[in-house]
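Open the model in a viewer and keep a selection tool at hand. The stops below go from one interface to another.

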Amino acid sequence: MKKDKPDPNSVKGISRRNFLKGFGITTVGAAVFESGQATKNLKAAGLLNVSDSIPIEGAKMILYVNSKEYSVHIKPKETLAEVLREKLELTGTKTGCERGSCGACTVLIDDNPVNSCMFLAVDAVGKQITTIEGVASDENLHILQNEFIENDALQCGFCTPGMIMSSLAIIKKNPAPDDEYIRKNLSGNLCRCGTYPKVFQAVIKAAKG
Amino acid sequence: MIKDFEYYLPKATEQALTLFSKNSAYKAGGIDLLDLLKENIVSYDSIINLSGIDSLDFIDTEIDLKIGAGVSIQKIADSQPIQKYCPALSESASEIATPHIRNIATLGGNLCQKPRCWYFRSKDFDCSRKGGKVCFAIDGENKYHSIYGNQDGCAFVNPSGMATVLTALNARLQILTKKEIKTINLRDFYYLPAEKLTCEHKLNDGEILLSVTVEKENLLRKNYYCKIKEKQSSDWPIAEICIIGGINSLGNFENVSIVLGSAAPIPWRMIKEEKKLEGLQATTKYIGNVVESSFSDANPLRDNAYKVKLFRTLLYRGLCSIAGLESER
Amino acid sequence: MNKKEKVSVGLPDNLREIIIEIPEDEPKPWDGKSELNYIGKRVKRIDGIDKTTGKAKYTFDVKIPGMLYAKFLRSDFPAGTISEIDLSKAQKLKGVYSVLPAQDDLPLIIRYAGQEIAAVAAETAEIAETALQQITFKHTTSDFVLSVEDAIRENAPLVYQTTVKEKTTEGDLDSSESSVVQEGNIRGPKIFPEDENAEKFDDYLRNCEVIHTAEYRTQVQTHSAMETHGVVVEWGSDDKVKVWASTQGTFSVRNDIADYFKLKYNDVRVITEFMGGGFGAKFGAGLYGIMAAKLSRATGKPVRLMLDRKGEHLSVGNRPDSLQKLSIGTTKEGKIKALKLISLGTGGVGTGAGTSGPIKNIYDYEKIYVEESDVFINAGPAAAFRAPGHPQGAFALEQAIDEMAHKLGIDPLEFRRINTTGNYIRQTQYVLGAEKFGWDKRNQVPGSIKGPIKRGFGVANSVWYYIYNKGFVATVTINRRGEVQVINGVQDIGGGIGTVLAMIVAEELGLEPDQITVKIGDTDNGFGPASGGSQTTAGITPAVRNAAYKAKIRMIELAASILGKTTDKVTMEGSRFSDGDDISKSLSFQQVAAKIPGDEIRVTAERRSDNLGREEIKTTIDGVQFADVTVDTGTGVVKVNRIVAVHDCGRPMDRLTLESQINGGIIQGISYALYENRILDRNTGIMVNPNLEMYKIAGARDVPQIETIIMDFNQAMNSTGAMGIGEPATIPTSAAIANAVFNAIGVRLRSLPITPDKILAALEEQSK
């Protein structure tokens with residue numbers, strides 16, 4: 001038996017730690033809390049770098065969204081959904097329940113679908129975030145988007161961005177997903193219009209290419 | 001609305017330990033924590049993020065099965081050694097919540113999450129577990145509540161799918177305190193309401209759950225796991241069972257451990273039944289006898305008596321499965 | 001001036017010709033013999049790209065400079081009186097612009113937990129929420145009732161001290177009822193037929209050869225649209241009001257706001273570019289719309305008021321529950337003689353709990369007697385919900401029909417057949433559905449399958465109605481570059497009406513749908529239908545086609561003048577105009593358009609009455625669904641394996657989006673049958689599951705294989721012949737599932753939702 005210990009924090013070869021230092025939390029906020037409790041705690045913890053904490057009022061950080069860098073001020077308590085929608089104006093990501101139950105806010109973080117409403121934006125620093133706005137390349141729709149349209153895998157469309165993000169994760173992980181795999185991996189996305197059967201069709205067709 | 005907090009990103013558990021101060025909380029995946037913060041059930045001055053600590057994120061199968069507390073539920077579900085040596089654990093992991101949550105939620109978070117009782121989770125109810133005077137569930141809407149351990153002022157069910165299986169596997173927890181790394185048996189980890197009403201487990205404030213170990217001899221035994229949900233897409237179980245055990249060369253049950261989930265405030269061991277089964281011939285008739293006599297000590301509430309019937313089915317099916325028999329129920 | 005046209009009507013394999021009379025300026029209706037390029041085909045949505053790329057802007061996404069965020073303070077007790085409210089502390093908070101009470105004058109009577117008390121508008125949502133916590137009030141609490149049974153008891157606490165007038169919305173069926181009385185918490189009964197004598201009817205029923213009587217219960221279901229209710233209101237300094245609303249009735253929002261604030265209709269503009277689902281709950285401005293407008297007026301800034309998920313569950317609508325006692329009397333041979341329904345239901349503090357649609361409108365009978373009442377309880381108000389009253393009514397009726405068939409020893413489908421002989425659409429539907437489903441393979445003796453896992457088949461009928469309103473105005477324009485647009489105020493709630501409008505114009509002008517620009521979702525675009533009663537398509541499409549036809553006539557006239565011919569000599573092939581005498585001389589659409597005098601052709605047409613002076617038009621929309629389920633008798637878990645649905649809806653427009661609507665109706669029906677339930681804590685009256693975690697909605701793994709048969713049924717009653725499908729498809733699903741469960745386990749589940757605890761209890765009861 002052997003150790004199964006991949007590096008979950010690597011972002012295309014850059015370890016998250018370096019990435020964080022290099023591009024992530026800048027020292028803009030440093031002056032603000034240099035003398036504060038945060039720093040005392042950090043020093044006590046043997047951490048020298050202020051980039052290892054974020055004060056209540058937040059700090060400027062780099063988010064890497066849809067292959068673009070965004071410099072944005074983030075408070076620790078802000079969720080990724082909030083920051084995407086309110087600060088980056090990426091309103092394609094919806095929130096339907098604010099509790100990770102409906103999946104409307106699904107984005108990919110390093111290719112894994114997550115509920116951006118239940119994910120702190122600061123935790124996304126240094127990671128690759130893909131939102132619905134980043135699925136098509138230039139003017140070309142992704143095959144999944146095409147299949148969603150061709151198969152009418154949408155009605156009111158409010159759940160659609162989340163549904164597509166989960167579907168994208170499916171076809172990235174599994175080139176030939178079967179019905180059961182698709183259903184299981186879409187089980188975090190609610191569609192009140194009841195469009196699921198056509199979503200399944202669209203995913204199967206998109207996976208086939 | 002979440003109250004503002006400071007955020008720390010330690011790289012090592014020792015740093016995290018030091019960073020913990022009076023009104024701090026650790027966060028791993030943060031699913032449970034964010035839920036509580038958003039509902040204003042809790043608020044903290046500082047939150048210490050453990051998810052950047054690499055040493056919490058490992059699955060080690062060298063001698064025993066050792067899983068870091070920071071391993072995501074999805075990683076447990078996908079781990080091939082776990083699928084091979086401990087199918088109940090991967091099955092349970094793969095059925096927790098949604099794929100989205102499994103990607104983020106961790107083993108430690110799953111084991112230590114607060115109750116999912118709807119009274120506890122709502123700011124509108126000042127319930128006993130939140131320090132209030134009454135348990136609203138006992139005389140209220142208790143369809144999803146406990147049938148055991150519910151007579152001491154709180155009727156929630158332990159929500160951890162991982163705990164059900166790991167309790168059956170007699171797992172041990174390694175916990176980092178300021179003084180040492182201590183080991184607690186998972187079977188001793190959780191408090192019944194009679195022991196403590198506002199605290200669910202023995203992980204004290206500021207301590208860090210490092211890992212969970214299942215000893216080698218508890219792997220490679222027969223596994224049965226079943227989770228019943230009302231709705232198949234993302235739902236909390238209404239009943240859950242894990243049976244780990246064996247059949248000896250004489251065809252008798254040997255070393256069986258049975259744990260129920262969604263039955264009590266703690267993973268509920270069926271110790272009496274385990275004893276009855278020891279050395280018992282594994283036939284449907286004997287299994288039936290054990291099942292018939294079980295659950296007489298349950299204390300169903302007004303709306304959850306159905307759980308007894310449900311658990312009987314699961315117990316019967318599980319024991320048949322361990323014995324390699326076809327279930328007639 | 002009218003003209004006469006010969007049209008083919010009926011089902012495709014059984015067409016007959018009739019002569020109809022239609023207005024001069026309308027085209028000959030599409031009929032059973034029309035060969036069309038797009039209508040009736042599978043055409044993809046025109047807004048698919050916007051919706052799949054995240055570009056689509058919903059009200060939820062609207063953000064305008066200076067916009068404030070508003071939130072409601074809600075009561076956390078179900079009954080009482082607020083005598084004083086102190087808003088001053090909240091008002092003083094930095095970033096707070098306005099705090100207003102939900103009701104101008106006190107006392108404010110609280111009738112349910114979740115009722116609005118006050119609203120705050122602030123710079124950020126966070127400040128608004130902080131401000132809410134600063135609002136204090138003095139109140140007393142009083143006794144409350146949470147169920148129909150408790151509310152009808154003698155001396156039950158009264159929800160209302162005064163008589164309640166029924167609030168009607170577009171989604172409701174006719175509710176003009178002057179004679180309804182209110183006593184205690186009961187509003188009703190409404191009796192049908194009005195002159196029927198209950199005792200005489202009971203005598204008649206008693207004398208029937210076979211009688212079945214049973215009680216059926218359904219639960220409260222909340223709409224739970226993915227986009228919550230909400231608006232952004234911009235009250236201009238000139239007192240012109242612009243509203244972005246997540247609504248299924250742009251004009252009803254406009255009217256509500258204009259009426260409330262005594263503004264001109266012309267000064268209120270409502271925009272609904274995209275909206276995330278309504279299902280009947282999103283007509284009118286709602287209190288949230290009125291409050292947002294007040295806050296915007298008070299602050300001079302745009303105000304966004306979107307409800308959160310909890311507010312959505314609590315305060316803006318639900319499907320009432322029901323307690324229905326239903327009796328059927330038949331002859332020994334199985335002919336229905338008498339039907340009786342005593343129905344109680346609660347829409348909380350609202351009305352609309354009637355369930356009698358199905359019992360009145362599906363089967364042949366000699367005599368019927370219906371008493372139905374609304375019962376008030378201390379819970380959030382009901383709203384129209386996809387086929388109001390009908391899923392409840394069908395759940396009771398269609399199970400009772402099944403039970404009667406079982407009692408008589410007649411196949412349930414055959415029993416339905418012999419009692420709907422006058423309806424040839426239904427007769428056809430039974431045959432088509434049974435064959436596709438494999439009805440003959442069903443388990444003949446309910447509950448007889450060996451082993452713990454049992455499979456069963458069930459069937460149930462639905463009924464809905466052909467509803468349309470008149471006066472909708474569609475505009476079609478063609479400019480000198482040959483660009484075509486169709487304009488109307490109607491909103492697309494997900495059914496795809498915009499696509500259908502493009503298809504119709506394209507069909508009429510020989511163009512392709514994606515060549516047509518569709519402008520909808522704006523009250524400045526001309527009166528359009530609210531999406532309720534499944535009337536959107538039936539309401540607006542004839543006007544659109546008629547407008548396109550008028551534009552075409554203008555183009556033909558123009559082509560004729562270019563070709564130097566009279567119009568009757570110009571033929572149109574696709575979008576080309578040819579000289580009938582010499583077809584080598586032809587003009588493209590663009591060539592003709594280039595000669596448009598001025599800038600554009602702009603024509604409008606109105607939705608008129610269907611053509612008159614002809615035999616009766618069939619006004620029911622019929623349907624039948626078959627369900628295949630598996631029940632695990634050890635755990636009580638029900639799995640729906642397959643649904644076959646047969647529905648007619650007049651002439652289908654876009655078969656692709658139509659199928660989606662049917663799928664959606666069925667899936668909502670499954671969700672209603674097995675999972676959904678608004679649960680109020682019996683001791684406090686507070687909803688314990690106001691989220692999407694414990695309010696359980698069917699997800700990807702709960703969806704069966706669904707097969708739909710859409711019957712083309714041409715009546716040529718207007719230029720398009722469209723009817724609606726949004727509602728019919730959700731009506732029979734829960735009943736078909738319940739009947740299949742009976743077929744599987746041999747025990748009746750007369751209460752929704754059919755959850756494992758109920759199955760296990762029913763099986764235990766049976767084994768006693």
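Begin by selecting chains B and C together; across their interface, nine salt bridges are found. This is a predicted model.

**Stop 1: a salt bridge between the chains.** Select R317(B) and D632(C). These two residues form a salt bridge, and their closest N and O atoms are 2.6 Å apart.

**Stop 2: the whole B–C interface.** Widen the selection to every residue in contact between the two chains: 37 residues of chain C meet 34 residues of chain B. The area buried between chain C and chain B is about 3100 Å², and carbon and sulfur atoms give 53% of that area. On the chain C side, select R682(C), K696(C) and R701(C), which lose the most area to chain B and together make up 18% of what that side buries. Polar contacts can be shown next: 20 residue pairs are counted between chain C and chain B, with both residues at pLDDT 80 or more.

**Stop 3: helices on the chain C side.** Select helix 3 (125-133) and helix 18 (756-767) of chain C; each supplies at least two residues of the side that touches chain B. Which helix of chain C gives the most to that side? Helix 18 does, with five residues. Colour the chain C side by residue class, and it divides into 15 nonpolar, nine polar and 13 charged residues.

**Stop 4: the domains of chain B.** Hide chain C and colour chain B by domain: domain 1 covers 1-54, domain 2 covers 55-97 + 156-217, and domain 3 covers 220-323. Keep domains 1 and 2 of chain B in view; their C-alpha centres lie 20 Å apart. Their contact takes nine residues from domain 1 of chain B and eleven residues from domain 2 of chain B.

**Stop 5: between domains 1 and 2 of chain B.** About 900 Å² is buried between these two domains, with 68% of it from carbon and sulfur atoms. Select T13(B), L17(B) and D54(B): they supply 54% of the area that domain 1 of chain B buries against domain 2 of chain B, more than any other three residues. How many salt bridges cross this interface? The count is zero. Five residue pairs are in polar contact between the two domains, both residues of each pair being at pLDDT 80 or more.

**Last stop: helix 1 of chain B.** Select residues 13-19 of chain B, which are helix 1; this helix gives four residues, the largest share of the side of domain 1 that touches domain 2. The residues of that side divide into six nonpolar, one polar and two charged.

Methods. Residues are numbered from 1 along each chain as its sequence is written. Chains are lettered from A and ligands numbered from 1 in the order in which they are written. This is a predicted model: local features need pLDDT of at least 70, side-chain atom pairs count only at pLDDT 80 or more; totals for chains, interfaces and linings use all residues. Side-chain values use heavy atoms; hydrogens and water are left out. Domain bounds come from an automatic or database domain assignment. Contact means heavy atoms within 4.5 Å. Buried area is the accessible area (1.4 Å probe) that two parts lose on being put together, summed over both. A salt bridge is a side-chain nitrogen of Lys or Arg within 4 Å of a carboxyl oxygen of Asp or Glu. A polar contact is a pair of N or O atoms within 3.5 Å; within protein, one must be able to donate a hydrogen and the other to accept it, and residues adjacent in sequence count only if both atoms are side-chain atoms. Ala, Val, Leu, Ile, Met, Phe, Trp, Tyr, Cys and Pro count as nonpolar, Asp, Glu, Lys and Arg as charged, and the others, Gly among them, as polar.
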